[in-house]
Amino acid sequence: MAGLYSSSSSKPTSSDSSSSRIFFLITFLPLSLACFAFLLQWRSGFNDSVTKWFDDNYPFPGMVTVSEKRSLRSDSSCVSLLGQSRTQSFPYLRDWKLDHKPGLKPKICITTSTSAGLEQTLPWIFYHKVIGVSTFFLFVEGTAASPNVSRVLETIPGVNVIYRTRELEEEQAKSRIWNETWLEKFFYKPCNYELFVKQNLNMEMAITMARDAGMEWILHLDTDELVHPSGTREYSLRNLLRDVPADVDGVIFTNYESSVERDDIKEPFTEVSMFKKNFKHLPREVYYGNYKEATRGNPNYFLTYANGKSAARIQDHLRPNGAHRWHNYVKYPNIMEISEAAILHYTYSKFSDLTSRRDRCGCKPTKVDVKRCFMLEFDRAAFIIASTSTSEEMLQWYRERVVWTDDNLILKLLRKGILTRIYAPMVIIQELREAGVFSSVVTSAHMSLSRNRSKSSTSSITRESSQATTRKVLEFDLDGESQEASAIPPKSSPGLETIQDV
């Protein structure tokens, strides 16, 4: 009996082993789940990768506590416009493999000349931050330069606000551009021509600012344009430009044009998903075979420009070459066209764009006078309609010329590949809004203001910085011989009359 007892104790039965496993599960599994739930509840106390989203290691703007939002909600009328946060997390970026190292390459900046409000500018800035842009040079006037807008822009990491002061204009009047021939045919003309010259002067200044900031690539975009880095790893502009060969000086992005399906669009970036492809991304027979249906009675295939935008590698003697291109004073740059990525142009996407463009120009609404003011035919026609018609007539014209309401035609052109659906920008910007990024930027600006961050002193510093930068541009001495390539204006797509030459 003793032997039997000893043998049975040294070799547990399968029943004993099963009982031990059950005991282990009953004892430790609930404890493990409780610990996991505790960690989830207190996750905000840990270092989330989202808080390191910005390359400069600033806290993520959306990470404002609920109590802070409640206490500051009444301080700004802009917050409700830009959307309240329903969560403190940022789900769109949560699963991305973002590199947060401070030495991210290449360093990309965007420059723009804008008068837009926060409802357009904030989504534009943060969308481009998501895809890899670190620095912005905003030349502001109008609404963008107003205290309620500019003081918010100034609080965003990586954003540099340059005001159009009298001192800035006096310095830009001394620019070497005025003594050269490549831009001269745009001088001393109103409206779009005046803006075109102003953009080039601002781009010239932005080049020097970008070099001082250690940037490697520069783009010029309007605030109604988004870079669409299609075909890249992780939807990244940084990855796209990192793969550009070292001997390439610049790249050209073709542009797609928004095709709105309603006349009551308020926020184009999150309400528009249909775009018309550029002719360069279409087979010749498809483009010309469907030209009339795609044009829908308008002067051209695209409402506005069709020659894309470009990015330039920052290097010696770089200069603007119109709002759409860059050039070099001492050599013809080596340029590469990007095959998949594009610029999404949200043009005339809101009905109010008709009157806002009209209000910025003092031109007479005649066919002769509008040619002095606008470079493209649709802009001319839209200005005349907005200046001479009633609100009802304008809306009818807008529905006929801009809004796509024929479902059968839409389906046909989608099948042909002329129209396409693009959702990535819409998703990113909507996620930013739902995460509370835009509203938090506004409340943070008011918090900064309450800490005696004086707007007047900030403007003074910015003006002094602008003047110093402009002088540096004007005093820049060239060693080589200037290459006077003419500035490239916005251009339309080829029409049917050019079919024999294509």
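Here a biologist and a modeller talk through how some labels for this predicted model are earned.

Biologist: Let's start broad. How many helices and strands are there in the protein chain?

Modeller: The protein chain has 21 helices and 12 strands. It holds 502 residues, and 50% of them are buried. Its accessible surface is about 24,500 Å², with 52% of that belonging to carbon and sulfur atoms.

Biologist: And how far apart in sequence are the residues that touch?

Modeller: Take the contacts between residues at least 6 apart in sequence: 78% of those join residues at least 24 apart.

Biologist: OK, helices. Why are α6 and α19 called roughly perpendicular?

Modeller: Helix α6 (residues 118-130) packs against helix α19 (residues 424-434) at an angle of about 110°. The label covers 65 to 115 degrees, so α6 and α19 count as roughly perpendicular to each other. Their axes lie 10 Å apart.

Biologist: Which residues make that contact?

Modeller: From α6 you get Pro123, Phe126, Tyr127 and Val130, and from α19 Pro425, Ile428, Ile429, Leu432 and Arg433. That splits into 8 nonpolar, no polar and 1 charged.

Biologist: What makes α14 roughly perpendicular to α16?

Modeller: The axes of α14 (residues 352-359) and α16 (residues 377-388) cross at roughly 90° and come within 9 Å. With 65 to 115 degrees as the window, α14 is therefore roughly perpendicular to α16.

Biologist: How do the residues of that contact divide into nonpolar, polar and charged?

Modeller: You get 4 nonpolar, 1 polar and 3 charged. On the α14 side sit Leu354, Arg357 and Arg358, meeting Asp379, Ala382, Phe383, Ala386 and Ser387 of α16.

Biologist: Now Leu201. Why does Leu201 count as buried?

Modeller: Buried means under 20% relative accessible area. Leu201 has 5% relative accessibility, so the label applies. This residue is found in helix α9 (residues 192-212).

Biologist: What does Leu201 touch, leaving out residues up to four places away in sequence?

Modeller: Gln172, Ser175, Ile177 and Trp178. Ala173 is 28 residues from Leu201 along the chain, yet their C-alpha atoms are separated by 9.1 Å.

Biologist: Last one: why is strand β3 described as largely enclosed by the rest of the structure?

Modeller: Strand β3 covers residues 159-163, and 4 of its 5 residues are buried, so the description follows.

Biologist: How do you know that β2 and β3 pair?

Modeller: Pairing takes at least two bridges. Strand β2 (residues 135-140) is joined to β3 by 5 bridges, so the two pair, and they run parallel. Phe139 stands opposite Ile162 in β3.

Technical notes: Residues numbered from 1 in each chain as written. Predicted model: local features only at pLDDT ≥ 70, side-chain atom pairs only at ≥ 80, totals over all residues. Heavy atoms only, no water. Axes fitted to C-alpha atoms, helices over the stretch in contact; angles between N-to-C directions. Helix = DSSP H or I, 4+ residues; strand = E, 2+ residues; numbered from the N terminus. Parallel < 35°, antiparallel > 145°, perpendicular 65-115°, else oblique. Contact = heavy atoms within 4.5 Å. Nonpolar A, V, L, I, M, F, W, Y, C, P; charged D, E, K, R; others polar. Buried < 20%, exposed > 50% of the residue type's maximum accessible area, 1.4 Å probe, protein only. Areas by Shrake-Rupley, 256 points an atom, 1.4 Å probe, with all protein chains shown as cover.
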